[in-house]
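Trainee: I want to learn how the labels on a structure are earned. Can we go through some together?
Mentor: Gladly. Ask about each label, and we will set the value against the cut-off.

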Amino acid sequence: MRFIPKSYPYNSWQFWLIGVGLVLLVAVPRLTALNQYRIVDEADRWRWAEDFVLALNNGDLAATRVGDGYPGIVPVWAESIWVFGEAARRSLLEGGWIGDAGLGKLFHEWDRSAYLYQQRLPIVLLNTALALAIIWVTWRLFGRRVALLSGLLIALDPFYLSDSRVNRAEAVITGFMTLSILFLIYYGRKKQFRYVLLSGICGGLSFLTKIQALAILPAIALAGGWIVFADKSDGSAWSLNKERVRRLGELGIAWALIAAATWVALWPAMWVTPLETLDLVYGYATRKVGAEGVKLFFMGETFEDIDPGPIFYPFVLLMRTTPLTVLGLLAAAIVPWRWRGRTKPGAWPPTTGSAILLTYVVVYALAMTLGSHKQDRYLMPIFLALDILAALGLVFAWAWLKEKLEVGSRKYEVGDKNRTPYSLLLTSPVLKSVLFAGAFAVQLAAVLPHHPYYYSYFNPLFGGGATAVRTMRIGWGEGMDQVGAYLGAKPNAERLVVSSRFTHNMLGFPGEIITLGADGRWTKADYIVLYIQQVQRRLEPGPEFLDYFQARTPEKVITLGDLDYAWIYPIPFTTPANPQVSVIPQKATLLGYSWAADSQLRTVWQNLGLPAGQTLAARLAGSPAHTDWTACLPDPAFSRQAATPQAYVESLCAPNIAALPPGLYSVEIGLAPVSNLASAAAFIFPEGRLAAQISPAGEVAAVPEQARLEAIAAETVPPDATTLDRVFDGRIRLLGYRLNPPRPRPGDSLELTLYWQAVRELSETINLTVQLADSRSIALGRADTSLFEFSGQESEREHWFPGQVIPTRHTFPLAAELDSPLAGRIEISLANEAEVGLNPTTAAGEPLDKTVGKFTVAPPAWPATDDILPVEAGWQNGIALLGYSLSGPQPRPGEQVMVNLFWQTGQPLTDEAIIFVHLVDGQGQLVAQNDALPRQGAYPTAWWQPGDVIEDGHPLALPPELSPGAYQLLVGLYRPADGTRLPLATGGDSLSLGQLEVGR
């Protein structure tokens, strides 16, 4: 009997059919649904690839020292080759290298969630190739049967499959470390140095991928010793002599040098800054050996910077394997001992290969157990070796069973010649195919329900997800894509605000996402999303927060496999508070409130240690009237929490609103002694200002936020201010401005007051630039400042509450020599701390430029019209020509004549017009002209105000060749955009001022 049968010839149809089947089995589950979800760490890995590509493109080899010492170089090489390939394709289309700008555009495109598969594909292809290479080497080492079963277990190993589909390193080092061990086994069989070379290269690649691969070194040393000392070619096995020690030393040195050369050759930073590069990796490795940064959930307990203990990885092994793998490992452990003593070729005892695989599994697991920083994925590098050992065990079990039944069949044949020998059945190709199909079905049944969320798989033999959720940290971002899809399908999803710990994983959600943390910004959200590992560890934002929401009924639960992964809760109030502002230290924090159907105020607050004898109280206050303070009693469901420090509480208040007249009222909430409610100390609660409206029917309702902001603005901004509709980046609103004096004169000091309203909470300094310029863009003054430098806000910017109006005042001295009247513009621009401008829009979102208003620098006195030649002419837009005057005596050819026009308007103007003065001959031919904005652009018509008299000079240059005589002087206006002349009220599009005599 042969335990390891011969393989099919390479040119046989069976070989190629099996090969194609294995390729599909490995590739299909890895290459499908790659855009489905994003896990943690992937964004960082893509940033590393971007940095690496740009460093290579710019020839900055030192800058290839990317990341934090992980080092992650093999994955970034895979992605860099992929990126450069796409860049080369685009360069061919454009006819030249796309450069940094083109690479930046490519990165920006692929960084979007719709192109997540582009980031993952090179890593997935690499993992697919590694898995196929492992199956191929297994075929060469252990034969077809073991390779087929190994291929089945490896291709559909859910733990390995989960990470081999994403942009992370565990699956990559698993592939390289397993290949390194297999090539070393191959060397033990063939004694050819090329296999040491391949093993060392794979080892070096695993170190370049993630430095935890160094844990393979003890296994490599033991495997080398096994190969050298178990060798019988020069005598008995396991004999100790100098020759074998020398061979072992040479083998180890060769392997180490090859691995080191691979490390240096493929990391350009090692060529120019080797010490700095090694120091970066050393720092990372030493941090990860310790417990720093550990926030692990294990056996119902959260371990923060503490080692969870030696049973962690054995438990991970049980939960992450499949039933078929467990069966194979049990067979590998039991059958050989039951079969020991057999002498047939190929039968057990274990071969050197299986012993080395087992040594690698045990030694690596022990090495990882010694470190305090533990994660389940750190054990992944042994799983493919376990799959191969399980395949060996299944084949051993089959051979052992076959041997047993053959003996039984011979016994029956002696007593009953009509019985069919069992051996005929066991050697039947049909039965073999049926058994392999059964193994495939078992493995597929365990894995397929979790596609493509293979992280959600846990071994059903040990309780599956029900056990895992109580004992292991679960969730790396998978399932948050379904949260994003659910919320993104809601009406006006782009306006929704969602708070979650996993903000970067909510693919497909177009609205705003804010981090769910202890700062309390979550109160501004429309929905709260809790994620499984957050609930398990009970760390963020805190246990009491989780208890409060988990006691509520979620609107939606996202389930993967048999596990609930995410819970979506609508925010439990309609009017939020800012917990960092609406707080009375050591007593209570206000979170928000909503109006119940019976006009009761349902408040949500956190008990920070409210003393006995004190209670929450509420009232409505407005300009016409206010209610008395009313005690807020805990909802019966929250009676225990009301006496528990840090707990979240819902209380009900019933202000007496029956006597209040209709109108807008502020909601005030405070703390007071139960015996003296009138002495209540109110929370700072800007969100409650003018937040309640009482209808004529006496019903109370919340005021919509936009209407509330408008009401606050109307109450705060002076009535004589010029109102504006201008919003910057959706966060700050410019309500209006005042000028003092409204129409300054040259030499005056002009004071500009701007009225700003915070629409949302500000989290950074906002820089303000105010510039005055005339209509020709000549500067009249400029001020650069911060919005928080006014009214003592610079050190307390968090107290610029949403809705609160803050005035900023700016003074500009005007030069005494300014020619007037002069058209002035007010230009406003805002920028954040990074000097990125905040774009202004209307409330409806229409873009605006930086000009917010205009003003006139008036002359000391408006011109008199006593000595002008009167004209009575008016245009349909309200402009009237009062008269004109001509400068100097009778003009001659080649001289200049100044035509001074005196204008007035009966109504404010908004459009600009160009004034033309034409001189025409008797045939109507133009001989001289002057077309210009009023006062040469210094005072366009859009600035004219009723009652102002505007003197506007237009010089006419007479041609030297002009013949003396009488010429007609025409005046008119036209639009600068298209040249259309403006009609006069009496008809026509030009006005004749009479004749101009040109002398000799």
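Trainee: What makes Glu710 and Arg733 a salt bridge?
Mentor: Keep in mind that this is a predicted model. The closest N and O atoms of Glu710 and Arg733 are 2.7 Å apart. The cut-off is within 4 Å, so the pair counts as a salt bridge.

Trainee: Which parts does that pair tie together?
Mentor: Glu710 lies in helix H24 and Arg733 in strand E20. These parts are 23 residues apart in sequence.

Trainee: Why is Arg733 called buried?
Mentor: Its relative accessibility is 8%. Buried means under 20%, so Arg733 qualifies.

Trainee: And Glu710, what is it called, and why?
Mentor: Glu710 has 36% relative accessibility. That lies between 20% and 50%, so Glu710 counts as partly exposed.

Trainee: How do you know that Glu687 and Lys524 form a salt bridge?
Mentor: Their side chains meet at 2.8 Å, N to O. Within 4 Å is what is asked, so the label holds. The pair links distant parts of the chain, 163 residues apart. Glu687 is in the loop between strands E16 and E17, and Lys524 is in the loop between strands E4 and E5.

Trainee: Are these two buried or partly exposed?
Mentor: Glu687 is buried, at 5% relative accessibility. Lys524 is partly exposed, at 29%.

Trainee: What makes Asp41 and Arg377 a salt bridge?
Mentor: The closest N and O atoms are 3.6 Å apart. That is within 4 Å, so the pair counts. Asp41 lies in the loop between helices H1 and H2, and Arg377 in the loop between H16 and H17, so the pair ties together parts that are 336 residues apart in sequence. Arg377 is buried, with a relative accessible area of 9%.

Trainee: Which residues share a network with Asp41 and Arg377?
Mentor: Asp163, Arg168, Glu170 and Lys210 are joined with them through salt bridges that share partners.

Trainee: How many salt bridges does the whole structure hold?
Mentor: A search finds 36.

Trainee: Now the helices. Why is H10 called roughly antiparallel to H16?
Mentor: Their axes come within 9 Å and cross at roughly 155 degrees. Angles over 145 degrees count as roughly antiparallel, so H10 and H16 get that label. The crossing is right-handed.

Trainee: Which residues meet there?
Mentor: From H10 they include Leu222 and Trp226, and from H16 they include Ile356 and Tyr360. The residues of this contact divide into ten nonpolar, two polar and no charged.

Notes. Residues numbered from 1 in each chain as written. Predicted model: local features only at pLDDT ≥ 70, side-chain atom pairs only at ≥ 80, totals over all residues. Heavy atoms only, no water. Axes fitted to C-alpha atoms, helices over the stretch in contact; angles between N-to-C directions. Helix = DSSP H or I, 4+ residues; strand = E, 2+ residues; numbered from the N terminus. Parallel < 35°, antiparallel > 145°, perpendicular 65-115°, else oblique. Left-handed = near helix turned anticlockwise from the far one by under 90°. Contact = heavy atoms within 4.5 Å. Nonpolar A, V, L, I, M, F, W, Y, C, P; charged D, E, K, R; others polar. Buried < 20%, exposed > 50% of the residue type's maximum accessible area, 1.4 Å probe, protein only.
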